[in-house]
Amino acid sequence: KIAAILDAADAYRQKTKALIEKYDELTQSLFLDMFGDPVTNPKGWEIKSLSEFIKSLNTGVSVNSTNKEFKEGDFGILKTSCVYSGIFRPSEAKVIREDEYERMRLSPEADSIIISRMNTTELVGKSVYIENDHNNLFLPDRLWQTEKAELLYDVRWLSHALSFQSFSNEIGKISSGTSGSMKNISKKNYLKLPMIYPPLDLQNQFAKRVQAIEAQKAQAQASLAQA
C-alpha cells in the first residue's frame, strides 16, 4: 500500500514538473513571437546597452546564518538558489544570526530584478523578477539587484529578455574564472551588453500575459513543493 502511495506521489511530481516546463516553453514562445530573439534581433528593434535600462547593480552583504530551518517571518539571507527556477523563491534562504542583524543591508524590492553574479557556467547570470517587497529577506554579495534607469521600459519584460537562452549564452562569454564550477561577471561588462528596445506598449502587453502564466506556474511550483 505504501509503495502504491509513493508511486502515485512520484507520478504526480513528474506531471507537475512537466507542467512547469510547459509554462516556461509558453513564455519563451510568446516572447519569440512578439519580439524575436533578443540577441540576433530578427525584427530589427532599436538596440541599447543594458546601462541605459539599469542605473546600477546593487550588491548585498554575506552574513552568518544559523542551522535553523527558515520559516516565513524569519530574517533570512537569500541563497543563490532563489533564482534557479526563473521565478523568485523567497523560501530559499537561511536564518540570519541575531548578532549579524546590524550588517544586513539590501532587501528585495518590488519591480526589480535579482541576478546571480557568481555561479556555475549554467547558472551565472540567472535572474528573476521581484513582484513585491520582502523586508525580512536580504541579499548576499553573490546576488545583484537592479536599480531602474530613466529609460521607460517594463521591468518584467526586461527580466524575460535577460533570461532568454541566447542572452544567457552572451553572459557566458563575458564571465571569467578558470573553473567551470564557479564563474564571475563584472558589473561593467554586464552593463555593456546590448539589448533590444521594442515599443513600450508591446512590452506592457507581454508583461500582462506573462503575469497570468506565472501565476499558474507559481501554483504548480507550490504543489510540487508540497508533493
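Asp10 counts as partly exposed, at 34% relative accessibility. Its salt-bridge partner in this predicted model is Arg13, with N and O 3.4 Å apart. Arg13 is partly exposed as well, at 28% relative accessibility. Both residues belong to helix 1, which covers residues 2-35. Three positions separate them, or about one turn of that helix. Side chains of opposite charge can pair when their charged atoms come close.

A second pair sits in helix 4, residues 165-174. Here Lys173 and Glu170 form the salt bridge, at 2.9 Å from N to O. The spacing along the helix is again 3 residues, about one turn. How exposed is Lys173? Lys173 has 63% relative accessibility, so it counts as exposed, the cut-off being over 50%. Glu170 has a relative accessible area of 23% and is partly exposed.

Next comes a pair involving Glu46 and Lys48. Their closest N and O atoms are 3.0 Å apart, and the two form a salt bridge. Glu46 is partly exposed, at 43% relative accessibility. Lys48 has 14% relative accessibility. That is under 20%, so Lys48 counts as buried. The pairing does not stand alone. Which residues are linked with Glu46 in a network of salt bridges? They are Lys48 and Glu52.

Now take the charges across the whole protein. The count of salt bridges comes to 12. There are 29 positive side chains and 29 negative ones. The centres of these two sets lie 4 Å apart.

Return to helix 1 for a residue of another kind. Thr27 is found in this helix. Is Thr27 buried or exposed? Its relative accessible area is 10%, so Thr27 falls under the 20% limit and is buried. What does Thr27 touch, apart from residues up to four places away in sequence? The contacts are His160, Phe206, Val210 and Ile213.

Beyond helix 1 the chain enters a loop that leads to strand 1, residues 46-49. Asn41 has its place in this loop. Its phi is near 50 degrees, a positive value in a residue other than glycine. Asn41 counts as buried, at 14% relative accessibility.

Asp111 also has a positive phi, near 60 degrees, and is likewise a residue other than glycine. Where does Asp111 lie? Its place is in the loop between strand 4 and strand 5. Asp111 is partly exposed, at 37% relative accessibility.

Ala110 is placed in the loop between strand 4 (93-95) and strand 5 (112-116). Ala110 counts as partly exposed, at 35% relative accessibility. Along the chain, 23 residues separate Ala110 from Asp133. In space, their C-alpha atoms are separated by 4.7 Å. Which residues does Ala110 contact, leaving aside neighbours within four places in sequence? They are Ile130, Glu131, Asn132 and Asp133.

Contacts across the sequence can also be counted for the whole protein. Consider those with a separation of 6 or more. Residues 24 or more positions apart account for 78% of them.

Finally, the overall architecture. The secondary structure comes to 6 helices and 11 strands. The radius of gyration is 19 Å, close to the 17 Å that the globule rule gives for 227 residues, so the protein is as compact as a globular protein of that length. Along the principal axes, the C-alpha atoms fill a box of roughly 60 × 45 × 35 Å.

Burial and surface complete the picture. Of the 227 residues, 45% count as buried. Among them are Thr27, Asn41 and Lys48. The accessible surface of the protein comes to about 12,200 Å². Carbon and sulfur atoms hold 50% of that surface.

Note on methods
Residues are numbered from 1 along each chain as its sequence is written. This is a predicted model: local features need pLDDT of at least 70, side-chain atom pairs count only at pLDDT 80 or more; totals for chains, interfaces and linings use all residues. Side-chain values use heavy atoms; hydrogens and water are left out. Helices (H or I, at least four residues) and strands (E, at least two) are DSSP runs, numbered from the N terminus. The radius of gyration is taken over C-alpha atoms; the globule rule is 2.2 Å times the number of residues to the power 0.38. Buried means under 20% relative accessible area, exposed over 50%, partly exposed in between (1.4 Å probe, protein chains only). Contact means heavy atoms within 4.5 Å. Accessible areas come from the Shrake-Rupley method with a 1.4 Å probe; for residues, only the protein chains shown count as cover. Lys and Arg count as positive and Asp and Glu as negative; His and the chain ends are not counted. The place of a charge is taken as NZ of Lys, CZ of Arg, CG of Asp or CD of Glu. A salt bridge is a side-chain nitrogen of Lys or Arg within 4 Å of a carboxyl oxygen of Asp or Glu.
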